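Ready to get your bearings in a new model? Grab a pencil and work through the exercises below.

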Amino acid sequence: MTMNPDLVAPSREPRQGDVSALDTDRNPGHAEAPVPTVVHPGLTGPIKIKAEDVSVFYGQKQALFDVSLDIADKAVTAFIGPSGCGKSTFLRCINRMNDTIPSARVVGKITIDGQDITDRSIDPVLLRARVGMVFQKPNPFPKSIFENVAYGPKIHGLTANKTELADRVEHSLKRAGLWKEVADRLESPGTGLSGGQQQRLVIARAIAVEPEVILMDEPCSALDPIATARIEELIDELREEYCIVIVTHSMAQAARVSQRTAFFHLGQLIEVGPTEDIFQNPRERRTLDYITGRFG
Amino acid sequence: MTDAALPPAVAPARPATAAIQKRLKARYAREKRFRAYGLIAIGIAVLFLAVLLGSIVKQGYSAFYTHAVTAEVYLDPAVIDASNPGGANYDQLIASQQLAELGVADDERGTRSTAMRALFSPDAGFGLRERVIEDPSLIGQTIEFTAPIGDDADLYFKDDISRDTPQAQRRLSDEQLAWLDRMEQSGAVTSGFNSDFFTRGDSTQPELAGVLGAVIGSALMLLVTGLLAIPIGVGAAVYLEEFARKNRITAFIEVNINNLAAVPSIVYGLLGLAVFINWMHLPRASPLVGGLVLALMSLPTIIIATRSALKAVPPSIREAALAMGASRTQSVFHHVLPLAMPGVMTGAILAMAHALGETAPLLLIGMVSFTPGIPEGLTSPSGALPVLVYIWENASERAFHERTAAAILVLLAFMIVMNLVAIVLRRRFERRW
Amino acid sequence: MILLVLILLIGFSAAAYWAGRRLARRRAAGTRAHSSLGYHGAYVLLWAAIPALVVLILMAVFSTGIQYQLLLADAPEAIRALDPMRQGAFWYDVLTVADGGTPQQIWAGPQAELLQSEAQRAARIGGLMTLGGAVAAVLAGLIGLGLALRRVAPQFRARNRVEGWIAAFLFVCSAIAILTTLGIIASLLFESLRFFQSVSPLEFLFGTQWSPQIAIRADQVGQTGGFGAAPLFVGTFLIMMIAMLVAGPIGLFSAIYLSEYAGPRQRAIIKPVLEILAGVPTVVYGFFAALTVGPALRGFFNGVGAQLAGGPLDSLGQYLMLVQNQMALVAGGVMGIMLIPFVSSLSDDIINAVPQSLRDGSYAMGATKSETVKRVLLPAALPGIAGAFLLAVSRAIGETMIVTMAAGLAARMTLNPLDTVTTVTVQIVTLLTGDQEFNSPKTLAAFGLGLTLFIVTLGLNIIAQQIVQRYREQYD
């Protein structure tokens, strides 16, 4: 897991302007947000996800310590921190992917729209249909491009007939900005696409079930700078409709795409706030050390 | 949390969520069914194993005990010619005296004494004859003898022959059964551990047939197999893993070995028949030929196991040895191979265990023929444990049935011991690393 | 005899080692030798033992052949007059008698007398060759010893030479694998070619009459038409299909359960059970099939038949009442049980090789486990599983003991699982376990069957291994 310094160079200048512009736009929203007792500054919209004292254990080992965090809707929240700091572990709590690891145990409470999703009665299937996820390595299924996108609607029975399904696939691919590139070869295997295309296909696959939240676990770490830039653009577009949480070890990327940033270290949430503040004016010494490259 | 099925009251119900929820029950039902299929499949496999082992134990355990009869016999000088004690019919002597004791008269054609003879093993008369030849002064005396009971009589005492079966369909008549009952009441019949089964070779008489000959034959064969296949297999693996450059020849050898491992065992039998017996004229049915064939058969398995054991040795060990100025050969034989040895031995023992159970190639090199007694050496005709199972399974006598299952139990016992040794080695292997 | 030779050889080698060591020490007195004394000893040992060993091995392998050729060169007229098959049988018996055995055949008149005299001649030739071989071995050993001792010197790189020998030995070890393959191909081809001289390959492969027992005399071959192996192929195929129908689903579902559902504790119990099932010798499965499953299924079908007889399905009932122990279903079913662990462990490996990221991707979409298995894992693993199944098919075709003990001998072209069929391997065993001379068409037919079996299984294995390998590379 090495950082790709190239990621920083090409699109930095215009983007940073973007972010600050957005931030000023949202400043009034900040004041209106239903801020909970634990004040987490930088909220840019209504709270979508609310975590309270979440801890995760893998067997005997504790990987995450009492994390409390609010995540806003219709915004991008970035988790940063050195490898093994618990940011991915926390991300996997939000769609309960930790359930698939037999030794993992999660305590604490996470609510989405006020509904406790860590409760046993909550169906992980239903939850994961609401919370999509994109992984570090593009993982299209060994099926055709069409079947990859149709996978979710098919298993969940979201479409009544073939035309509806085709429409939904087309819409999702368009939404993910892949339609133009693959419209004429929907039947060719998804694994035949380039890395960046594969990652956008996976995003289209996630969008096809109309989720509310999209989790992204270092979605660009396996991609080249150009593909990365495309994904980042896409994330920025998707922000208008979804609550997006992205884990990244590229601080530049966090700065470019997110409105809020949370810094994790050794399984603890150190600091959370507006992205700008975190990078320019962190409150915690450890955050400063990390973003200035003193460790990580 | 009590609000278990918390309705999406807080969150506005989205059309997708509702659609998904509607199908959820059916999807979970399918999930349960699918999981059940998996469990059923495993259940069937376990059930088969249980039925297989259970049926063999059930059929075979009775062969481990047997019945013997102890009786007195008057060595009548009128029947036994002192100048030729071997010429008398001792079986008839025993039978007629037993009839007399039970107060039954023989008829003119000797039907009854023949029926009585059938209740004794031919070993009874044979043993008596030996004793008299050794000590002719016994003639005229009454002596006590103990001999195995006949195979059918043994089955009767094991409740394997029932009076309820119509007389015509069973091997013993009502009259014979009545005699057996009376003999049992008089205390002449004793049951005990069937030591003959473990101390004798094969025989046409079930009550005299044992597994020792086959066990020794199998042991000799495994000796040949082990002495050939293990050094050659390890040598080949060491060459391929440590010495060979990756070129077309070694690639060809590799493909070759993988394919040899999957060649049906019977083809090795054909090879043995054509090369070792018909071309090299090695003795048929001998442990030598059997061992050679099994060695060729186990070679690929041992090579593959050894190679993976060698692969598991970290390269740092090789580099350390080479850095100390050791030659490549020294590095391999002094450092790498000793570290891989437990893994190598585990693979070798498992290959030997598999060779022990192999039958088909041995049939083709002549082991299917009847070989009584204990094999004398590597080149004398011999049986083998799995082949004995095959031969006995084909025998018509009912009493061989239980002995076949018992021979299987002996075979399985040997295989279990070998596998346990392999497991113990594997454990030690893990401790070393 | 073998033991004596071995002891002599070991003694000789030990003496050579000792001599080499001693000489090296004497010649190195005062100077520092390149290699340690032990390597000098080992070098001399190798040069003394290997030439002798090579001579002995060559003798063991070729002496019979040479002896045979010498016998044939001076063969009496009366024997030359016999037809080739009969001649072969005669010489086989001559060699048997010369070795102190009893002839396999009954020879009458002049042939009986010739048998004795020729056997004496054979024994004489054999004795001479043994003597000659022994002398040659001793000479080879001594010459090697002398040459090696001359080279012993402090500067001599004994270690490198010895290591060269070791590397050569290791290479020979791995070459034995190739020799085995060559041996298999040569022996099968050679005997099959002789068989195909009397029976045309086309008739063998496509003929539908299999009755080798009729063709007792050599001149009947071809006229009886008894060597059409098609029914054997059909029977083999039928039993293989039944076995795969049992082993395929059960093995695959066990593998799916083991790799996707079972926790570590369940795996710790289930895996050994499957390993035991895999370790049971096939002869035990044969016993189980012949004496437990066969009678049980027969009883079941006969019972069903008795129920149906007289009713609307009378003819079916009548048929079922006549079903035998040795139906294809019994052998195939039990073979299927035998193959369960084979299919399951191969499929388990294959499914485990599917990257975790695909599972994660599917679960993250909200798929259940079974949906993930059915829609993602199995399609992804399909080529690998196909390869595993092909390997199992090859196993089923080559399996011998179960069918020998539980399938019948009736060569019938049928796909009815309740009928008695016979297979290629059963016929090989049957043809070769009777007491007949080696050169009869009957025994040669077994080699023709063996060749067919070898080619088919080899082809299946090569294809399957390539599929599996390509599959693995895809996810590496």
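Start with chain B: 47 Å lie between the centres of its domain 1 and its domain 2, taken over C-alpha atoms. Keep in mind that this is a predicted model.

**Exercise 1.** Find where the two domains of chain B begin and end.

*Solution.* Step one: domain 1 of chain B covers 67-194. Step two: domain 2 of chain B covers 212-432.

**Exercise 2.** Work out how the radius of gyration of chain C stands against that of a compact globule of 476 residues.

*Solution.* Begin with the yardstick: a compact globule of 476 residues would come out near 23 Å. Now look at chain C, which has 31 Å. Then check the outline: along the principal axes, the C-alpha atoms of chain C fill a box of roughly 95 × 75 × 35 Å.

**Exercise 3.** Describe the inside of chain C, starting with its secondary structure.

*Solution.* First, count the elements: chain C has 17 helices and 0 strands. Next, ask how much is buried: 45% of the 476 residues of chain C, with buried meaning that 20 or more other C-beta atoms lie within 10 Å of a residue's own. Last, take the contacts in chain C with a separation of 6 or more: 74% of them join residues 24 or more positions apart.

**Exercise 4.** Take apart the contact between chain C and chain B.

*Solution.* Count both sides first: chain C gives 73 residues and chain B gives 66 residues. On the chain C side, the largest share is 19 residues from helix H6 (residues 158-198). Finally, sort that chain C side by type: 46 residues are nonpolar, 22 are polar and 5 are charged.

Key: Residues numbered from 1 in each chain as written. Chains lettered and ligands numbered in written order. Predicted model: local features only at pLDDT ≥ 70, side-chain atom pairs only at ≥ 80, totals over all residues. Contact = placed C-beta atoms within 7 Å. Helix = DSSP H or I, 4+ residues; strand = E, 2+ residues; numbered from the N terminus. Nonpolar A, V, L, I, M, F, W, Y, C, P; charged D, E, K, R; others polar. Domains from an automatic or database assignment. Rg over C-alpha atoms; globule rule 2.2 N^0.38 Å. Buried ≥ 20, exposed ≤ 12 C-beta atoms within 10 Å, placed from the backbone.
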